[in-house]
Amino acid sequence: MKLAITTKTKLTTKLISTSFKKLTLNEIDVVTELESETSENHWTKQQLSESISNPNNLSQILIVKSKIVGYIIAMPSVDSADILNLAVHKDFKRKSYGSSLINHLLSKLKKRQIKNLFLEVRMGNFAAISLYLSLGFKEVSIRKNYYTKNSNELSIKEDGIIMCLEIST
Ligand SMILES: CC(C)(COP(=O)(O)OP(=O)(O)OC[C@H]1O[C@@H](n2cnc3c(N)ncnc32)[C@H](O)[C@@H]1OP(=O)(O)O)[C@@H](O)C(=O)NCCC(=O)NCCS
(Lines give C-alpha, C1' and ligand atoms only; values in the text may rest on other atoms or scores of the structure.)
Protein backbone atom coordinates (compact mmCIF):
# COMPACT_ATOMS: atom_id res chain seq x y z
CA MET A 1 0.00 0.00 0.00
CA LYS A 2 1.32 3.47 -0.93
CA LEU A 3 0.23 6.56 0.88
CA ALA A 4 1.40 10.03 1.64
CA ILE A 5 2.42 11.09 5.12
CA THR A 6 2.90 14.69 6.06
CA THR A 7 6.35 15.04 7.57
CA LYS A 8 7.72 18.11 9.26
CA THR A 9 10.92 19.99 8.54
CA LYS A 10 12.00 23.14 10.35
CA LEU A 11 10.49 25.58 7.88
CA THR A 12 8.14 23.65 5.65
CA THR A 13 5.65 20.83 5.55
CA LYS A 14 6.14 18.48 2.62
CA LEU A 15 4.57 15.24 1.41
CA ILE A 16 6.81 12.19 1.36
CA SER A 17 5.74 8.94 -0.23
CA THR A 18 5.80 6.14 2.32
CA SER A 19 4.46 2.62 2.59
CA PHE A 20 3.56 0.11 5.26
CA LYS A 21 4.34 -3.57 4.88
CA LYS A 22 3.89 -6.67 6.99
CA LEU A 23 7.01 -7.28 9.09
CA THR A 24 8.40 -10.75 8.34
CA LEU A 25 11.52 -12.68 9.27
CA ASN A 26 13.11 -11.33 6.06
CA GLU A 27 13.52 -8.00 7.87
CA ILE A 28 14.73 -9.48 11.16
CA ASP A 29 18.33 -8.23 10.89
CA VAL A 30 17.37 -4.64 10.06
CA VAL A 31 14.74 -4.57 12.78
CA THR A 32 17.10 -6.11 15.36
CA GLU A 33 19.69 -3.42 14.59
CA LEU A 34 17.08 -0.67 14.75
CA GLU A 35 15.79 -2.06 18.05
CA SER A 36 19.24 -2.18 19.65
CA GLU A 37 20.00 1.40 18.56
CA THR A 38 16.75 2.95 19.73
CA SER A 39 15.64 1.19 22.86
CA GLU A 40 17.19 1.16 26.34
CA ASN A 41 15.67 -2.21 27.28
CA HIS A 42 15.83 -3.59 23.78
CA TRP A 43 14.49 -6.96 22.66
CA THR A 44 16.90 -9.62 21.47
CA LYS A 45 16.82 -11.02 17.95
CA GLN A 46 15.19 -14.15 19.36
CA GLN A 47 12.44 -12.19 21.13
CA LEU A 48 11.76 -10.25 17.94
CA SER A 49 11.74 -13.46 15.83
CA GLU A 50 9.27 -15.16 18.15
CA SER A 51 6.98 -12.17 18.15
CA ILE A 52 7.10 -11.70 14.37
CA SER A 53 6.53 -15.44 13.78
CA ASN A 54 3.46 -15.51 16.02
CA PRO A 55 0.57 -15.59 13.50
CA ASN A 56 -1.76 -13.89 16.00
CA ASN A 57 0.39 -10.77 16.17
CA LEU A 58 0.08 -7.77 13.87
CA SER A 59 3.55 -6.58 12.84
CA GLN A 60 4.17 -3.73 10.41
CA ILE A 61 7.15 -1.80 9.11
CA LEU A 62 7.14 1.72 7.75
CA ILE A 63 9.29 2.25 4.66
CA VAL A 64 10.46 5.64 3.46
CA LYS A 65 12.41 5.76 0.21
CA SER A 66 13.19 2.02 0.45
CA LYS A 67 14.48 2.33 4.02
CA ILE A 68 12.83 0.75 7.03
CA VAL A 69 12.39 3.68 9.40
CA GLY A 70 10.24 2.04 12.07
CA TYR A 71 8.09 -0.85 13.11
CA ILE A 72 5.23 -1.77 15.37
CA ILE A 73 4.24 -5.12 16.82
CA ALA A 74 0.84 -5.60 18.44
CA MET A 75 -1.06 -8.50 19.94
CA PRO A 76 -4.80 -8.38 19.27
CA SER A 77 -7.25 -10.42 21.31
CA VAL A 78 -11.05 -10.53 21.16
CA ASP A 79 -11.95 -6.88 21.73
CA SER A 80 -8.67 -5.29 22.78
CA ALA A 81 -5.06 -5.23 21.63
CA ASP A 82 -1.66 -4.51 23.17
CA ILE A 83 1.27 -2.73 21.58
CA LEU A 84 4.23 -5.03 22.30
CA ASN A 85 6.92 -2.99 20.60
CA LEU A 86 7.33 0.23 18.66
CA ALA A 87 10.44 2.01 17.48
CA VAL A 88 11.51 4.66 14.99
CA HIS A 89 15.07 4.91 13.64
CA LYS A 90 17.05 7.57 15.50
CA ASP A 91 17.62 9.61 12.31
CA PHE A 92 13.87 9.76 11.60
CA LYS A 93 12.42 10.79 14.93
CA ARG A 94 9.98 13.72 15.36
CA LYS A 95 8.75 13.37 11.77
CA SER A 96 5.40 11.83 12.77
CA TYR A 97 6.46 8.31 11.81
CA GLY A 98 5.75 6.92 15.30
CA SER A 99 2.26 8.46 15.16
CA SER A 100 1.76 7.07 11.64
CA LEU A 101 2.66 3.55 12.75
CA ILE A 102 0.11 3.72 15.58
CA ASN A 103 -2.56 5.24 13.32
CA HIS A 104 -1.93 2.53 10.74
CA LEU A 105 -2.33 -0.11 13.46
CA LEU A 106 -5.54 1.59 14.62
CA SER A 107 -7.03 1.34 11.13
CA LYS A 108 -6.37 -2.41 11.15
CA LEU A 109 -7.81 -2.84 14.64
CA LYS A 110 -10.97 -0.90 13.74
CA LYS A 111 -11.67 -3.38 10.94
CA ARG A 112 -11.58 -6.15 13.56
CA GLN A 113 -14.04 -4.23 15.80
CA ILE A 114 -11.34 -3.93 18.49
CA LYS A 115 -12.36 -1.34 21.07
CA ASN A 116 -9.29 -0.63 23.23
CA LEU A 117 -5.56 -0.41 22.59
CA PHE A 118 -3.27 -0.94 25.60
CA LEU A 119 0.46 -0.51 26.09
CA GLU A 120 3.02 -0.31 28.82
CA VAL A 121 5.80 2.24 28.96
CA ARG A 122 8.68 3.03 31.32
CA MET A 123 7.97 6.03 33.55
CA GLY A 124 11.21 7.66 32.29
CA ASN A 125 10.48 7.24 28.59
CA PHE A 126 9.42 10.84 28.05
CA ALA A 127 9.38 10.68 24.24
CA ALA A 128 7.09 7.66 24.14
CA ILE A 129 4.76 8.97 26.85
CA SER A 130 4.49 12.30 25.00
CA LEU A 131 3.68 10.47 21.79
CA TYR A 132 0.96 8.37 23.43
CA LEU A 133 -0.60 11.37 25.19
CA SER A 134 -0.61 13.31 21.91
CA LEU A 135 -2.67 10.49 20.36
CA GLY A 136 -5.19 10.43 23.22
CA PHE A 137 -3.90 7.52 25.32
CA LYS A 138 -4.78 7.79 29.00
CA GLU A 139 -2.95 6.34 31.99
CA VAL A 140 -4.91 3.47 33.52
CA SER A 141 -2.52 2.09 36.14
CA ILE A 142 1.06 1.94 37.39
CA ARG A 143 3.18 -1.19 37.72
CA LYS A 144 5.52 -0.43 40.58
CA ASN A 145 9.20 -1.31 39.98
CA TYR A 146 8.29 -3.24 36.85
CA TYR A 147 11.44 -2.40 34.87
CA THR A 148 15.07 -2.89 35.77
CA LYS A 149 17.52 -0.34 34.44
CA ASN A 150 21.26 -1.01 34.65
CA SER A 151 23.21 2.15 35.31
CA ASN A 152 26.88 2.19 36.46
CA GLU A 153 26.56 -1.44 37.50
CA LEU A 154 23.62 -0.51 39.72
CA SER A 155 20.30 -2.15 39.16
CA ILE A 156 17.65 0.55 39.33
CA LYS A 157 13.95 -0.24 39.37
CA GLU A 158 11.56 1.86 37.35
CA ASP A 159 7.76 1.96 37.33
CA GLY A 160 5.77 1.02 34.24
CA ILE A 161 2.72 3.00 33.16
CA ILE A 162 -0.16 1.14 31.56
CA MET A 163 -2.01 3.33 29.08
CA CYS A 164 -5.12 2.79 27.02
CA LEU A 165 -6.73 4.38 23.99
CA GLU A 166 -10.42 3.89 23.37
CA ILE A 167 -10.69 3.25 19.64
CA SER A 168 -13.37 5.38 18.04
CA THR A 169 -15.49 3.74 15.38
C1 LIG B 1 8.81 6.93 21.02
C2 LIG B 1 9.12 6.98 19.52
C3 LIG B 1 8.53 5.74 18.85
C4 LIG B 1 8.46 8.25 18.94
O5 LIG B 1 8.56 8.21 17.53
P6 LIG B 1 8.57 9.55 16.65
O7 LIG B 1 8.42 9.15 15.24
O8 LIG B 1 9.73 10.39 17.00
O9 LIG B 1 7.25 10.28 17.18
P10 LIG B 1 6.39 11.37 16.40
O11 LIG B 1 7.25 12.17 15.50
O12 LIG B 1 5.21 10.70 15.78
O13 LIG B 1 5.92 12.28 17.63
C14 LIG B 1 4.57 12.67 17.79
C15 LIG B 1 4.47 13.56 19.01
O16 LIG B 1 4.93 12.84 20.18
C17 LIG B 1 5.63 13.75 21.05
N18 LIG B 1 7.06 13.41 21.10
C19 LIG B 1 7.71 12.43 20.41
N20 LIG B 1 9.02 12.39 20.76
C21 LIG B 1 9.20 13.36 21.68
C22 LIG B 1 10.32 13.82 22.41
N23 LIG B 1 11.55 13.26 22.26
N24 LIG B 1 10.16 14.83 23.29
C25 LIG B 1 8.95 15.41 23.47
N26 LIG B 1 7.83 15.03 22.80
C27 LIG B 1 7.95 14.01 21.91
C28 LIG B 1 5.45 15.13 20.45
O29 LIG B 1 4.22 15.66 20.93
C30 LIG B 1 5.34 14.78 18.97
O31 LIG B 1 4.69 15.78 18.23
P32 LIG B 1 5.56 17.06 17.72
O33 LIG B 1 6.78 16.51 17.03
O34 LIG B 1 4.61 17.73 16.78
O35 LIG B 1 5.89 17.87 18.92
C36 LIG B 1 10.65 7.08 19.26
O37 LIG B 1 11.19 8.12 20.04
C38 LIG B 1 11.41 5.80 19.58
O39 LIG B 1 11.57 4.93 18.72
N40 LIG B 1 11.88 5.67 20.83
C41 LIG B 1 12.66 4.48 21.24
C42 LIG B 1 11.80 3.23 21.35
C43 LIG B 1 10.68 3.44 22.33
O44 LIG B 1 10.80 4.10 23.36
N45 LIG B 1 9.50 2.85 21.98
C46 LIG B 1 8.31 2.92 22.82
C47 LIG B 1 8.33 1.81 23.82
S48 LIG B 1 6.92 1.92 24.91
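**View 1. Serine 96 sits in the loop between β5 and α3.** The model shown here, and in every view that follows, is predicted. Serine 96 is worth a look for its backbone: phi is positive, about 75°, although the residue is not a glycine. Is serine 96 buried, partly exposed or exposed? With a relative accessibility of 23%, serine 96 counts as partly exposed, because buried means under 20%.

**View 2. Serine 66 belongs to the loop between β3 and β4 (67–76).** Here again the backbone deserves attention, since serine 66 is a residue other than glycine and yet has a positive phi, near 70°. Serine 66 has a relative accessibility of 75% and therefore counts as exposed, the cut-off being over 50%.

**View 3. The ligand and the residues around it.** How many residues surround the ligand? There are 22, and the closest are Leu86, Val88, Arg94, Ser99 and Asn125. Sorted by class, this shell holds 10 nonpolar residues, seven polar ones and five charged ones. As for where the ligand sits, the space that it takes is the largest pocket. Four elements give two or more residues each to the shell: the strands β5 (80–88) and β6 (116–122), and the helices α3 (97–111) and α4 (126–134). Which of these elements gives the most? That is α4, which supplies seven residues.

**View 4. Polar atoms of the protein close in on the ligand at leucine 86, asparagine 125 and leucine 131.** At leucine 86 the backbone is involved: one of its N or O atoms lies 2.8 Å from a nitrogen atom of the ligand. Asparagine 125 uses its side chain instead, placing an N or O atom 2.7 Å from an oxygen atom of the ligand. For leucine 131, look to the backbone once more, where a polar atom is 3.5 Å from a ligand oxygen. How much of the ligand does the protein bury? Taken alone, the ligand exposes 920 Å², and 78% of that is buried by the protein.

**View 5. Asparagine 57 is found in the loop between α2 (45–53) and β3 (58–64).** Zoom in on its side chain, where a polar atom lies 3.0 Å from the backbone oxygen of serine 51. Asparagine 57 has a relative accessibility of 7%, so it counts as buried, which means under 20%.

**View 6. Aspartate 79 lies in the loop between β4 and β5.** How far apart are aspartate 79 and isoleucine 114, in sequence and in space? The two are separated by 35 residues in sequence, while their C-alpha atoms are 4.4 Å apart. Aspartate 79 counts as partly exposed because its relative accessibility is 44%.

**View 7. Glutamate 33 is part of helix α1 (residues 28–38).** For a distance to check in your own viewer, try glutamate 33 and lysine 45: their C-alpha atoms are 8.8 Å apart in space, and the two residues are 12 apart in sequence. Glutamate 33 has a relative accessible area of 49%, so it is partly exposed.

Technical notes:
Residues are numbered from 1 along each chain as its sequence is written. This is a predicted model: local features need pLDDT of at least 70, side-chain atom pairs count only at pLDDT 80 or more; totals for chains, interfaces and linings use all residues. Side-chain values use heavy atoms; hydrogens and water are left out. Buried means under 20% relative accessible area, exposed over 50%, partly exposed in between (1.4 Å probe, protein chains only). A residue is near a molecule or strand if one of its heavy atoms lies within 4 Å of it. A polar contact is a pair of N or O atoms within 3.5 Å; within protein, one must be able to donate a hydrogen and the other to accept it, and residues adjacent in sequence count only if both atoms are side-chain atoms. Accessible areas come from the Shrake-Rupley method with a 1.4 Å probe; for residues, only the protein chains shown count as cover. On a 1 Å grid over the protein atoms alone, a cavity is a set of points where a 1.4 Å probe fits but cannot get out, and a pocket is an open set with protein on both sides within 12 Å along at least five of seven lines; lining residues have an atom within 4 Å of a point. A molecule sits in a cavity or pocket if more than half of its atoms lie within 2 Å of its grid points. Ala, Val, Leu, Ile, Met, Phe, Trp, Tyr, Cys and Pro count as nonpolar, Asp, Glu, Lys and Arg as charged, and the others, Gly among them, as polar.
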